[in-house]
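Open the model in your viewer and keep the selection panel at hand. The stops below say what to select and what is there.

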Amino acid sequence: MSCPHEDQLLDALRRGFIAAELEEHVASCPSCTELRLVAGALLDDRADAIATADVPAAGAMLWRMRVRARREAEARARQSLLLGHAATLAVAIALVAFFFGPILAASAHQFAGIDRPLVIAVAASLLLAAATAIGGWMVVRR
Amino acid sequence: MIEKMPFSLVLRGATLDGAALDDARAAMSDDEFRAFYERTARPLWAYLSRISGNRHDADDFLQETYYRFYRYRAEYESESHRRNTLFAIATNVVRDAARRTKGRHSVPLDHDLVTPEAPAEHRVMVRSDLARAMEQLQPAQRELLWLAYGQGASHAEIAAILGLEAVSIRTLLLRARRKVAAILTGKSS
């Protein structure tokens, strides 16, 4: 459906000059007429847009990008720190549970008559709750 | 099909630490960047404003595009390869924004096309008609038409920028062109 003269016409439109011979062809070719209408309008619009574009200076753009990069780097560092804190807390809780859990379970059994398996189940539930809370907090902060 | 990511651009969501920024600088010096920016900023802004349909958003998109480009470390075979990468990033920036703000009404193109310079009346009419016609197109058709006729990109370049098969460009372009022509000539509602 396209015409072999289309590339030639596009070049002419970009140059802003259409030779008489080509003009004659365009008048008799529906495909070229359509191309001239659409491409001509787009090229005019582009020229207007470029003329009226209010873009920042290159230096200003570089400065903005650096500020943004620095902010992102800071945010990343803060996130790493937060992860470190959360990991430390989790390890501390695990150590406390490991070393003092059996003693607490034995004490509870001795003084309150609570079964050891029940104490262990309660301790495990508390640990799970703590881990969930820490994980949730990290997700929210992220 | 047009949602395919061109050039395997895995830029979204990435953050930049100091070392990565140094790497990015090494990939393109400040002077190189300034020169490239001077050559491309205005045509890129024109592309962004026309495919997004909003010149105010285009300002933000411009900044986001150059930021992603600046962070994107790549070996460029030529100036056109570098420019095509920039336009591919710009296309993704606009698509990302469209996905985020799906359904939000943007400022119609014909409202912001009337510039303070007040060009001749008939020219304003043509531009206004074009804006209306572009508004009725799919975003991908707008991108295609602008790149092909506004930007003068080859079919291979358009395929690379938009992440399409090169063989399908001609057909898609003809279809989009026909639609705009019909609207401009009043043969379509």
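The tour starts with one chain, moves to its rings, and ends at the contact between two chains.

**Stop 1: chain B as a whole**

Keep in mind throughout that this is a predicted model. Select chain B and colour by secondary structure: there are 9 helices and 0 strands. Following chain B from the N terminus, the elements read α-α-α-α-α-α-α-α-α.

Switch to a surface view of chain B. About 9100 Å² is exposed, and carbon and sulfur atoms supply 52% of that area. Chain B has 189 residues, of which 52% count as buried. Now consider the contacts in chain B with a separation of 6 or more: 72% of them are between residues 24 or more positions apart.

**Stop 2: the aromatic rings**

Over all chains, the structure holds 7 aromatic pairs. For one of them, select B:Phe36 and B:Phe69, whose rings are stacked, with 5.1 Å from centre to centre and 20 degrees between the planes. B:Phe36 belongs to helix 2 (residues 30–52) of chain B and B:Phe69 to helix 3 (residues 55–71) of chain B, so this pair ties together parts 33 residues apart in sequence. Are these two residues, B:Phe36 and B:Phe69, buried or exposed? Both B:Phe36 and B:Phe69 are buried.

Keep B:Phe36 on screen and add B:Arg82. B:Arg82 lies over the face of the B:Phe36 ring, 5.7 Å from the ring centre.

Then select B:Phe33, B:Tyr37, B:Tyr66 and B:Tyr70, which ring pairs link into a cluster.

**Stop 3: a residue in helix 7**

Go next to B:Gln141, in helix 7 (residues 139–150) of chain B. The relative accessible area of B:Gln141 is 14%, so this residue counts as buried, the limit being under 20%. Which residues does B:Gln141 touch, leaving out those up to four places away in sequence? Show B:Ala176 and B:Lys179, the two that B:Gln141 touches on that count.

**Stop 4: the contact between chains A and B**

Bring chain A into view beside chain B. The contact takes 38 residues from chain A and 48 residues from chain B. Between them the two chains bury about 4000 Å², 60% of it on carbon and sulfur atoms. On the chain A side, select A:Leu42, A:Arg46 and A:Met65: these lose the most area to chain B, together 15% of what that side buries.

**Stop 5: salt bridges across the interface**

How many salt bridges cross the interface of chain A and chain B? The count there is 7, while over all chains it comes to 16. Four of the pairs between the chains are shown below, one after another.

Begin with B:Arg50 and A:Asp45, which form a salt bridge with the closest N and O atoms 2.9 Å apart.

Move to B:Arg178 and A:Glu34, another salt bridge, where the closest N and O atoms are 3.5 Å apart. B:Arg178 sits in helix 9 (residues 166–184) of chain B and A:Glu34 in helix 3 (residues 30–52) of chain A, so the pair joins two chains. B:Arg178 is partly exposed at 36% relative accessibility, whereas A:Glu34 is buried, with a relative accessible area of 14%.

Now select B:Glu64 and A:Arg68, whose side chains meet in a salt bridge (2.6 Å, N to O). B:Glu64 is in helix 3 of chain B and A:Arg68 in helix 4 (residues 58–112) of chain A, so this pair too joins two chains. B:Glu64 is buried at a relative accessible area of 18%, and A:Arg68 counts as partly exposed at 27% relative accessibility.

Finish with A:Glu72 and B:Arg71, a salt bridge with the closest N and O atoms 3.4 Å apart. Why does this pair join two chains? A:Glu72 lies in helix 4 of chain A, but B:Arg71 lies in helix 3 of chain B, so the pair joins two chains. Both A:Glu72 and B:Arg71 are buried.

For a last view, select A:Arg68, A:Glu72, B:Glu64, B:Arg68, B:Arg71, B:Asp96 and B:Arg99 together. Salt bridges that share partners join these residues into one network.

Conventions
Residues numbered from 1 in each chain as written. Chains lettered and ligands numbered in written order. Predicted model: local features only at pLDDT ≥ 70, side-chain atom pairs only at ≥ 80, totals over all residues. Heavy atoms only, no water. Helix = DSSP H or I, 4+ residues; strand = E, 2+ residues; numbered from the N terminus. Buried < 20%, exposed > 50% of the residue type's maximum accessible area, 1.4 Å probe, protein only. Contact = heavy atoms within 4.5 Å. Areas by Shrake-Rupley, 256 points an atom, 1.4 Å probe, with all protein chains shown as cover. Phe/Tyr/Trp six-rings, centres within 6.5 Å; stacked < 30°, edge-to-face > 60°. Lys NZ or Arg CZ within 6 Å of the ring centre and 35° of its normal. Buried area = accessible area lost by both parts, 1.4 Å probe.
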